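Work through the exercises below with the sequence and the structure open beside you. Try each task before you read its solution.

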Amino acid sequence: MPELPEVETVRRGLAPAMEGAFIAELELRRRDLRFPFPNALADKVSGRTIVGLGRRAKYLLVDLDDGNTLISHLGMSGSFRIEEGAASAVPGEFHHARSKDEKHDHVVFHLQGPNGARRVIYNDPRRFGFMDMVGRADLAAHPFFRDLGPEPTGNELGAAYLAERFRDKAQPLKSALLDQKNIAGLGNIYVCEALWRAHLSPLRAAGTLVTRGGRPKQQLDLLVVSIRDVIADAIAAGGSSLRDHIQADGSLGYFQHSFSVYDREGEACGTPGCGGTVARIVQAGRSTFYCAACQK
């Protein structure tokens with residue numbers, strides 16, 4: 001499933017084509033994706049202007065001029081492409097081919113902008129993605145968002161905040177970081193990478209990073225820095241392109257080529273002087289990659 005950096009990459013790729021555009025028609029080619037579309041969604045979105053494109057955790061947010069926000073989640077295989085006239089923004093060869101079968105084109109935005117007409121098409125072979133709509137003022141209270149923790153790139157995320165969340169917790173550190181109530185948008189890949197950078201074991205109890213008095217230990221400060229850095233690096237690299245994910249313009253992100261531990265089972269650890277080997281274990285049904293020699 002695309003993680004926060006991939007979703008942010010898609011947002012940035014779509015913004016030039018969608019922000020400020022008039023939606024001449026929202027075409028829904030089926031009644032549902034993972035969930036049914038909201039009642040009269042096409043009628044409510046058609047005729048509106050897109051005033052901005054945002055992101056919260058792993059959700060794309062399309063803000064409309066009537067105060068409503070269209071929520072989109074890519075699921076496992078969802079992707080967008082941009083078409084202008086006969087041209088389609090799908091250049092190049094791909095390591096991980098996306099669907100080109102039009103039977104999987106489920107949602108089409110017919111847009112009018114300063115530079116003419118274009119179509120933005122949502123394609124999803126597995127239909128694990130979904131769309132919903134809510135008033136912008138009510139977004140924080142929506143069931144998708146009301147329990148989410150702070151963004152990993154925002155000012156709210158700090159060692160003191162995590163110390164409060166982790167205090168006295170015997171929960172494994174990796175599980176605590178994947179809990180969206182603690183931090184929004186972190187997924188399996190970048191948690192593995194952040195823990196490696198911070199030299200912390202995914203098996204370690206989260207509460208061991210907090211003093212008896214409830215203050216963050218130095219290791220927790222380092223973990224916060226590692227989380228911020230790994231997310232920033234992934235966004236700068238264009239997001240990873242595991243499985244079906246590609247950028248909105250059809251090109252791939254390449255951060256996966258610089259993974260330090262993720263999907264590198266049996267390879268040498270990259271920590272200078274470590275000499276350890278990357279291992280794979282399973283936690284809560286998810287693969288965890290780490291170096292037992294330097295992650296304690």
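**Exercise 1. A sheet and its edges**

How many bridges join strand 2 to strand 3, and do the two strands run parallel or antiparallel?

*Solution.* The model used here is a predicted one.

Step 1. Find strand 3 at residues 59-64; six bridges join strand 2 to strand 3, and the two run antiparallel. Arginine 56 is a residue to look for here, as it stands opposite tyrosine 59 in strand 3.

Step 2. Place this pair in the sheet. Four strands form an open sheet in the order 2-3-4-9, with antiparallel pairing. Strand 2 (50-56) and strand 9 (130-135) are at the edges; each has a single partner strand, so one side of each is left without a neighbour in the sheet. From one strand to the next, the twist averages 20°.

Step 3. Look for what packs on the sheet. Helix 1 (residues 4-18) does, touching strand 2 and strand 3. The direction of helix 1 makes about 175° with that of strand 2.

**Exercise 2. Two polar residues**

Decide whether threonine 69 and asparagine 182 are buried or exposed, and list what each one touches.

*Solution.* Step 1. Threonine 69 is found in strand 4 (residues 68-73). Its relative accessibility is 0%; because buried means under 20%, threonine 69 counts as buried.

Step 2. Not counting residues up to four places away in sequence, threonine 69 touches Leu61, Val62, Asp63, Asp132, Met133, Val134 and Arg136. With aspartate 63 there is also a side-chain polar contact of 2.6 Å.

Step 3. Asparagine 182 is found in the loop between helix 4 and helix 5. With a relative accessible area of 4%, asparagine 182 is buried. Leaving aside neighbours within four places in sequence, the contacts of asparagine 182 are Gly149, Pro150, Tyr161, Arg165, Phe166 and Ala176.

**Exercise 3. The nonpolar cores**

Which elements give two or more residues to the largest nonpolar core?

*Solution.* Step 1. Start from the members. The largest nonpolar core has 40 residues, and those touching the most other members are Phe166, Leu173, Leu177, Tyr190, Leu220, Leu223 and Ile227.

Step 2. Assign the elements. Those giving two or more residues to this core are helix 3 (159-166), helix 4 (173-178), helix 5 (188-197), helix 6 (218-236) and strand 11 (286-291). Helix 6 provides the largest share, eight residues.

Step 3. Follow one member. Isoleucine 227 touches Pro152, Leu157, Leu177, Ile183, Leu186 and Ala194, not counting residues up to four places away in sequence. Another core, of 29 residues, lies apart from this one, with Phe37, Leu41, Val45 and Val62 among them.

Step 4. Add the general background. In soluble globular proteins, nonpolar side chains tend to be buried together.

**Exercise 4. Salt bridges**

How many salt bridges does the structure hold? Examine three of them, and state whether their partners are buried or partly exposed.

*Solution.* Step 1. The structure holds 16 salt bridges.

Step 2. Arginine 30 and aspartate 32 meet at 3.0 Å, N to O. Arginine 30 is partly exposed at 28%, and aspartate 32 is partly exposed at 27%.

Step 3. Glutamate 83 and arginine 81 have their closest N and O atoms 3.0 Å apart. Glutamate 83 is buried at 13%, and arginine 81 is buried at 9%.

Step 4. Arginine 264 and glutamate 267 meet at 2.8 Å, N to O. Here arginine 264 is buried at 18%, whereas glutamate 267 is partly exposed at 38%.

Step 5. Salt bridges can also share partners: Glu8, Arg11, Arg12, Arg55, Arg56 and Glu151 are joined into one network in this way.

Notes:
Residues numbered from 1 in each chain as written. Predicted model: local features only at pLDDT ≥ 70, side-chain atom pairs only at ≥ 80, totals over all residues. Heavy atoms only, no water. Core = buried A, V, L, I, M, F, W, Y, C linked by side-chain atoms within 4.5 Å. Buried < 20%, exposed > 50% of the residue type's maximum accessible area, 1.4 Å probe, protein only. Contact = heavy atoms within 4.5 Å. Polar contact = N/O pair within 3.5 Å; in protein donor to acceptor, adjacent residues only side chain to side chain. Salt bridge = Lys/Arg side-chain N within 4 Å of Asp/Glu carboxyl O. Pairing = 2+ DSSP bridges. Axes fitted to C-alpha atoms, helices over the stretch in contact; angles between N-to-C directions.
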